[in-house]
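The exercises below are to be worked with the sequence and the coordinates open. Each one sets a task and then goes through the solution in steps.

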Amino acid sequence: MKAALGYASVAFGAGAAVVGITALLAGLQLRDAFLLRFGRRCVYAVLIAALAAAGVMEWALISHDFSLRYVAENNSTGTPLLYTITGLWAALEGSILLWAVILGGYLTFVAAKFRKRDQDPLVAVALITGLAVALFFSALMLGPANPFRELSTAPFDGRGPNPLLQNHVLMAFHPPILYLGYVGFTVPFMFGIAALVTGRFGEGWLSDTRRTTLVAWGFLTLGIILGAWWSYEVLGWGGFWAWDPVENASFLPWLTATAFIHSVIVQERRGMLRVWNLSLVIATFCLTILGTFLTRSGVIDSVHAFTQSDIGPWLLTFFGVVAATGIGLVAWRGDKLRAPGRIDSAVSRESAFLMNNLLFAALAFVVLLGTVFPLIAEALRGSRLSVGEPYFDRMATPIGLALLFLMAAAPALPWRATSGEVVRNRLLVPAWIGGLTMLGAVILGARGLAEILAYGLGAFATAGIVRQFVLGIRGRRRALGESRAVALGRATRSNPRLYGGLVVHFGVVLIAVVLAASSAYGANRDVTLKKGESATVSGYTVTFLGSHTSRSSQKTTISADIKVEKGGRVLGTYAPAISTYPNSTEGIGTPSVHTGLVDDLYLTLVSSPGAQRAITLGVRVNPLIVWLWIGGGFMALGTILALAPRLRRRPRSIPSDDLAPRPLADADPDHREPDTHGPDEREPDHREPDHREGVPV
Amino acid sequence: MIKRWGAWIALALVVVVALTVVLWPNGSQSAAARAHDLETQFKCPECEGLSVADSQAPTSRAIRADIKRRIKAGQSDGQIRQAYVDTYGESILLTPQDSGVSLLVWILPIVVLALGATGIVLVLRRNRDEPHLHATEADERLVEREHRDG
Amino acid sequence: MKHPARIAALAVALVVIVFGVVLALNVGSDPQEDAKQSNLVGKAAPSFDLPNLAGGRVTLADIAGKSAIVNFWNHWCIPCQQEAPALESFYAEHKDDPDFAMIGIVRDDTTGDVKAYVKKRGVGWTIALDPSSVAALDFGTRGQPETYAISPSGVVAAAKYGPMSTTELERFLAAARANA
């Protein structure tokens with residue numbers, strides 16, 4: 001009964017999408033207000049259908065209904081409640097269902113936000129595009145990826161989820177947060193297509209979707225960081241990023257989305273790069289589909305690879321259709337989009353953003369090429385080769401360092417043009433801080449070229465960030481006499497995008513420093529210990545106290561108690577373990593980590609006590625890892641800040657949420673429109689005494 | 001001139017000193033460092049995507065021991081790599097070699113980067129060559145409307 | 001340049017099409033299966049020189065001129081235990097054939113455990129010990145159990161990673177013979 005209910009919900013959602021698309025198309029053709037409104041409301045039905053289907057699935061999981069194949073394969077009576085609930089996204093079909101739910105959510109948000117604008121063709125076409133995507137995912141669930149497929153005879157007990165998916169609470173967070181990012185990029189894509197189709201090329205679509213894009217980007221960033229954390233804390237190999245195809249699949253849209261977030265600022269300010277931005281938005285969405293194809297179709301070897309299914313050709317076809325539509329629209333309309341603005345000088349914020357985009361695009365190309373190259377090589381010469389970490393590290397490092405440099409230098413560049421002198425003066429102190437940091441690192445013993453460049457550029461960038469904050473505070477104190485704390489608060493709230501961006505950049509600097517250090521330092525040794533024996537690695541002393549076995553309905557775990565000491569002080573007892581699950585022959589290792597500010601001690605149980613009662617313990621010392629998570633925290637914080645509404649100094653006669661197309665009379669040069677201009681540095685600049693030599697400010 | 005550039009010249013010297021220290025050839029790597037380098041280049045045959053350096057699988061540990069043995073026996077990095085390629089096939093190397101089809105994976109990104117950089121330079125140059133016209137009030141308003149909604 | 005956006009779009013379209021074709025061709029493949037194919041099939045078997053349980057040595061020369069099955073295993077790996085009955089009945093079938101040889105090479109195991117296992121199950125074929133996995137690496141093994149068929153002329157005729165059935169063992173033997 002549940003299967004029929006679930007399948008019917010999915011079918012209802014597909015039907016609602018079809019009805020919605022038809023109504024909107026007809027409404028556009030006939031200019032019928034009722035049809036347009038009705039079509040918009042169909043979006044709500046799509047969300048309800050998806051929620052209903054997900055609800056039925058959760059019901060089936062929690063009640064251990066093994067007549068459903070998905071439940072039999074991903075759940076068992078011994079599975080704890082948390083992992084029963086997360087079983088919704090533990091395998092292919094369920095993850096498509098999760099995608100449908102989140103997509104329904106985003107579409108509903110769009111439909112609700114634009115309810116006063118549903119007569120606008122831009123909104124209508126955007127909704128049509130969004131509903132078409134929803135229709136595709138519903139079709140997947142009605143066809144090859146049906147989560148509600150039944151078994152002819154229900155087994156007594158299910159197989160349970162993959163062991164790796166039921167031994168850490170992160171399973172509840174990482175996939176949904178990642179999807180909130182991934183799926184969110186459908187929204188700017190919808191509006192980009194709508195802008196191309198309707199010929200409304202101005203910045204209207206940008207401001208309409210700016211916040212949603214940033215929210216999606218923030219979630220994707222957080223999802224990737226959580227994935228790295230999972231890799232580190234759960235998988236047990238001691239690293240956090242392996243350039244695995246699935247990791248790359250999430251990284252690719254992040255790269256193009258980051259490029260978009262930056263180049264959008266240029267479009268808002270100067271009206272330039274329109275075609276490029278539309279292409280980026282389409283590419284980002286295409287990459288989410290391509291990434292899903294790569295990880296779901298089984299064409300590429302990966303730790304994350306889901307069971308192979310027939311879904312591959314569908315996803316590839318959809319990718320082809322989306323790419324063809326996007327490229328076709330750009331080819332058709334692209335040349336009419338030529339911007340009125342010009343780049344005046346090579347030393348300007350615009351050209352810095354161009355460089356930024358070039359580097360991100362190049363990095364995305366490298367990651368994409370490396371991920372699919374094994375397939376290309378096989379097509380060209382028959383035998384497969386591997387492309388792994390050494391390749392990606394070698395290619396990504398110079399690009400990453402160049403991006404660090406831009407991050408440091410670009411905020412000091414004004415828009416349009418400037419004298420080299422102004423830039424030099426602004427950058428002198430931060431550059432010196434960077435140079436001295438480099439020298440200091442070398443004096444302290446660092447010998448890697450990329451490493452010291454990362455430290456130096458990171459310090460350079462941080463000094464630049466601090467400088468921006470100082471200028472902002474100083475400007476307000478001089479003009480308004482506020483105290484430092486109040487000035488800081490008001491400065492950030494009057495320009496949240498700038499300061500939020502700076503906080504995100506600081507998080508990136510922290511991550512870059514960790515990447516640099518982890519490649520150069522760290523220890524990795526296997527030690528064999530009998531009970532009571534100790535070993536010392538990099539200053540940490542580990543002593544094997546004893547092992548014990550625990551059994552539960554979910555798994556059997558052998559863990560070893562290890563006493564950890566450093567510098568004579570006892571840090572605690574840690575217990576790396578190996579667990580075996582009833583339906584799997586391999587043991588799943590669980591590492592035990594002592595986290596410190598300077599480094600982590602990472603313990604794994606390589607082999608359980610054998611005949612000699614000795615264990616083999618993997619001991620790794622990983623430098624600075626905690627700063628990765630702290631850096632991720634800063635990135636999240638900065639994103640939240642950037643999303644905050646601006647504190648206005650003057651009351652506006654036009655409320656900022658009114659998005660109706662403005663008649664020309666409103667184009668008052670004194671009225672700053674909410675998101676189309678970023679005043680950022682203009683005030684502090686005028687107050688800088690060093691802006692021009694000898695000229696009174 | 002020195003006054004304007006002095007601070008920057010001094011900074012450049014500091015950076016050059018740091019770089020020189022780092023890049024100064026300091027003799028061959030220790031055997032342990034060589035072993036670790038090689039280990040990061042081989043893929044663990046029984047895992048999915050991990051390198052021999054990172055994996056705890058029995059085959060990986062056997063390969064790590066074998067690499068140390070070969071280094072001790074005096075084999076060069078190239079010889080060790082070739083021995084493994086002969087036995088396991090090219091897919092055991094995590095970095096494509098620089099010959100044949102594999103060359104593409106190294107060259108294409110550089111080509112793309114060069115194309116992109118050229119494009120940007122051309123755009124900058126073209127903009128500089130175009131004359132800056134003076135716009136009238138009516139022109140400004142027209143531009144503003146184009147901005148808003150095409 | 002007229003219509004730069006159009007030209008760029010078409011260039012991108014071309015790349016995407018090539019890319020899509022490559023991906024489409026690969027949709028049916030399974031890289032994990034591919035990865036398990038041995039690289040040595042058709043090449044000369046690597047030579048080895050290992051101690052056996054009785055205290056003597058076992059070398060490649062010992063199976064020269066015979067059709068041989070070489071099986072890498074150890075006593076604790078579960079698929080090895082699964083294929084043990086098939087190996088035993090296969091050996092019983094062919095042990096009297098003078099042109100047949102079978103060697104089991106043990107890796108990642110202790111001599112004491114191996115001896116006990118061999119005695120308990122009455123393993124009849126030659127068992128060689130490879131504690132440092134030298135032969136295992138020379139043969140390009142990916143784990144255990146892994147089985148190779150070697151022709152009388154010393155060429156690897158077939159290889160498989162995973163537990164064997166008697167049918168597969170027979171096929172291996174036939175392949176070794178055919179490759180003479």
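**Exercise 1.** In what order do the elements of chain C run from the N terminus on?

Solution. The model is a predicted one. Begin with the inventory: chain C holds six helices and seven strands. Reading from the N terminus on, the order is α-α-β-β-β-α-β-α-β-α-β-β-α.

**Exercise 2.** Decide why chain C is described as more spread out than a compact globule.

Solution. Step one is the reference value: for 180 residues the globule rule gives 16 Å. Step two is the value for the chain, a radius of gyration of 23 Å. That is well over the reference, so chain C is more spread out than a compact globule. Step three adds the dimensions: along the principal axes, the C-alpha atoms of chain C fill a box of roughly 85 × 35 × 30 Å. Step four turns to packing. Buried residues are 37% of the 180 in chain C. Among contacts in chain C with a separation of 6 or more, 72% join residues 24 or more positions apart.

**Exercise 3.** Describe chain B by its elements, burial and contacts.

Solution. Chain B has six helices and zero strands, which gives the order α-α-α-α-α-α from the N terminus on. Of its 150 residues, 25% are buried. For contacts in chain B with a separation of 6 or more, the share from residues 24 or more positions apart is 41%.

**Exercise 4.** Work out which parts of chain B touch chain A.

Solution. First count the residues: 49 from chain B and 61 from chain A take part in the contact. Next, assign the chain B side to elements. Helices H1 (2–23), H2 (31–41), H5 (102–129) and H6 (137–149) of chain B each supply at least two residues. H5(B) provides the largest share, 12 residues. Finally, sort by class: the chain B side has 25 nonpolar, 14 polar and 10 charged residues.

**Exercise 5.** Characterise the packing of helices H7 and H9 of chain A.

Solution. Start with the geometry. The axes of H7(A), residues 174–184, and H9(A), residues 204–235, come within 7 Å and cross at roughly 145 degrees. The crossing is left-handed. Then list participants: H7(A) contributes residues including A:His174, A:Ile177 and A:Tyr182, and H9(A) contributes residues including A:Trp217, A:Phe219 and A:Trp230. Last, the classes: the residues of this contact between H7(A) and H9(A) are 12 nonpolar, six polar and no charged.

Methods. Residues are numbered from 1 along each chain as its sequence is written. Chains are lettered from A and ligands numbered from 1 in the order in which they are written. This is a predicted model: local features need pLDDT of at least 70, side-chain atom pairs count only at pLDDT 80 or more; totals for chains, interfaces and linings use all residues. Two residues are in contact if their C-beta atoms, placed from the backbone, lie within 7 Å. Helices (H or I, at least four residues) and strands (E, at least two) are DSSP runs, numbered from the N terminus. Ala, Val, Leu, Ile, Met, Phe, Trp, Tyr, Cys and Pro count as nonpolar, Asp, Glu, Lys and Arg as charged, and the others, Gly among them, as polar. A residue is buried if 20 or more other C-beta atoms lie within 10 Å of its own, exposed if 12 or fewer, and partly exposed in between; C-beta atoms are placed from the backbone. Axes are lines fitted to C-alpha atoms, for helices over the stretch in contact, and angles run from 0 to 180 degrees between N-to-C directions. A crossing is left-handed if the near helix is turned anticlockwise from the far one by less than a right angle, and right-handed if clockwise. The radius of gyration is taken over C-alpha atoms; the globule rule is 2.2 Å times the number of residues to the power 0.38.
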